[in-house]
Amino acid sequence: MTENTPQNNEPLGATYQRGPAIMRGSMIPSASSTANLLGGDDHQDWRDIDPWRVLRIQSEFVEGFDELADLGPAVGVFGSARASSDSDDYHAAERMGQLLAQRHVAVITGGGPGIMEAANKGAALAGGKSVGLGIELPFEQGLNAYVTLGLSFRYFFVRKTMFTKYSSGIIVCPGGFGTFDELFEVLTLVQTHKMTSMPVVLYGKNYWRGLFDWLDGPVRKRGMISRIDPHLVLLTDDIEEAVHVATSTIPSV
Ligand SMILES: C/C(=C\CNc1ncnc2c1ncn2[C@@H]1O[C@H](COP(=O)(O)O)[C@@H](O)[C@H]1O)CO
């Protein structure tokens, strides 16, 4: 079992989710389908053969585009799944969700716990649109209770397309690899002009300073990136400023 196993005290042990199905005990497969896709496993039934998977991937895109097409202006809030509900970061993300909702801007998160839950909570309790784009993970509990529009994806890359396509700006709170992935996805798409430039706010100066200085120092000096546009990436400890900048390209705000 992984450290993410939340249901250790359940009679049958942990619950494994795959699409609409849940499995327990001996019904839990030894490897997830996503792992098979990436791992090139030979022992698959027809539904796991790559050409058929394309249909499932396609359906995730279609459902995502369909559900989110009318969302209106939105900001993505990313950050640690592990932030506890009494942490400063959690309270900050909750306030961000609230401020965004008050500006009639939808909040988009990964729909999970920690910072995601906090931002969804702030938005939902302020009467705003609170979107959770969840990811099917083995032993995961599903979308947090503050999501008012939720979608679950099997594939990270489909889900990331939804984050970037429907967000007009992002606020990145302290987090780990998942958060880094989301931050660098946006920076890469902007740098390669695959996406219109959007404001990227790094909330938590102390936390992000080291990464920012490394990017703007050795990485830039070796010519690996161009200068980080200060109008594109902001480092701040000010929640109001974070929301103000993240929504700065939305005409109605
Ligand atoms: C590991 C734990 C929960 C995992 N549940 C997640 N649900 C939804 N989205 C997630 C989850 N974990 C990561 N993400 C995405 O990555 C970002 C956070 O990752 P980090 O590594 O914690 O920084 C977040 O923005 C999500 O989109 C604990 O119970």
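**Notebook: looking through the predicted model**

Entry 1, Val201. I began with Val201, and leaving out residues up to four places away in sequence, I found that Val201 touches Ile170, Ile171, Val172, Leu234, Thr236, Ala242, Val245 and Ala246. I note at the outset that the model is a predicted one. Val201 turned up again when I looked up the largest nonpolar core, which has 49 residues and in which Val77, Met96, Val107, Ile171 and Val201 are those with the most contacts. Helix H3 gives the most to this core, with seven residues. I set beside this the general remark that in soluble globular proteins nonpolar side chains tend to be buried together.

Entry 2, the whole protein. I then stepped back to the overall picture, and I counted eight helices and nine strands in the protein. Of the 253 residues in the protein, buried ones make up 34%. I also looked at contacts between residues at least 6 apart in sequence, and 66% of these join residues at least 24 apart.

Entry 3, strand E3 and its partners. I looked up E3 (74-78), and wrote down that five of its five residues are buried, so that the strand is mostly covered. Ala74, Gly76 and Phe78 point one way from E3, while Val75 and Val77 point the other way, and all of them are buried. On which strands does E3 have bridges, and in what sense do they run? With E4, E3 has three bridges, and the two run parallel; with strand E7 (residues 169-172), E3 has four bridges, again in a parallel run. I followed Val75 in both directions, and found that its bridge partner in E4 is Val107, while in E7 Gly169 stands opposite Val75. I also recorded that E3, H3 and E4 make a right-handed β-α-β unit.

Entry 4, Asp89 in H3. Since H3 is part of that unit, I picked out Asp89, which lies in this helix (residues 88-102). Is Asp89 buried or exposed? Asp89 counts as buried because it has 20 C-beta neighbours inside 10 Å, and 20 or more is what the term requires. Setting aside neighbours within four places in sequence, I listed its contacts as Gly79, Ala83, Ile115, Cys173, Pro174 and Gly204. For one of these, Ile115, I also looked up the spacing: the two residues are 26 apart along the chain, and their C-alpha atoms are separated by 7.2 Å.

Entry 5, helix H4. Ile115 led me to H4 (residues 115-125), which is mostly covered, with 10 of its 11 residues buried. Among the buried residues of H4 are Ile115, Met116, Glu117, Asn120 and Lys121, and I noted that Glu117 and Lys121 count as charged. What covers the buried residues of H4? The cover includes strand E3, H3, strand E4 (106-109) and E5. After H4 comes Gly127, whose phi is positive, near 85 degrees.

Entry 6, the surroundings of the ligand. I next looked up the residues around the ligand, and of the 21 there, Gly110, Gly112, Gly175, Gly176 and Gly178 come nearest. By class, the shell holds seven nonpolar, 11 polar and three charged residues. Strand E5 (130-135) and helix H6 (177-191) each supply at least two residues of this shell, and the largest share, four residues, comes from H6.

Entry 7, strands E8 and E9 with helix H7. I turned to E8 (residues 200-203) and E9 (residues 233-236), and found that these strands pair in the parallel sense over four bridges. For Leu202, the bridge partner in E9 is Leu235. E8, helix H7 (residues 205-221) and E9 make a right-handed β-α-β unit.

Entry 8, Leu215. I ended with Leu215, which lies in helix H7. Leu215 counts as partly exposed because it has 16 C-beta neighbours inside 10 Å, a number that falls between the limits of 12 for exposed and 20 for buried. Not counting residues up to four places away in sequence, Leu215 touches Arg220, Ile225 and Ile228. I also looked up Leu215 and Arg227, which are 12 residues apart along the chain and whose C-alpha atoms are separated by 9.0 Å.

Technical notes
Residues numbered from 1 in each chain as written. Predicted model: local features only at pLDDT ≥ 70, side-chain atom pairs only at ≥ 80, totals over all residues. Contact = placed C-beta atoms within 7 Å. Near = placed C-beta within 6 Å. Core = buried A, V, L, I, M, F, W, Y, C linked by C-beta atoms within 7 Å. Pairing = 2+ DSSP bridges. Right-handed = clockwise from strand over helix to strand, strands pointing away.
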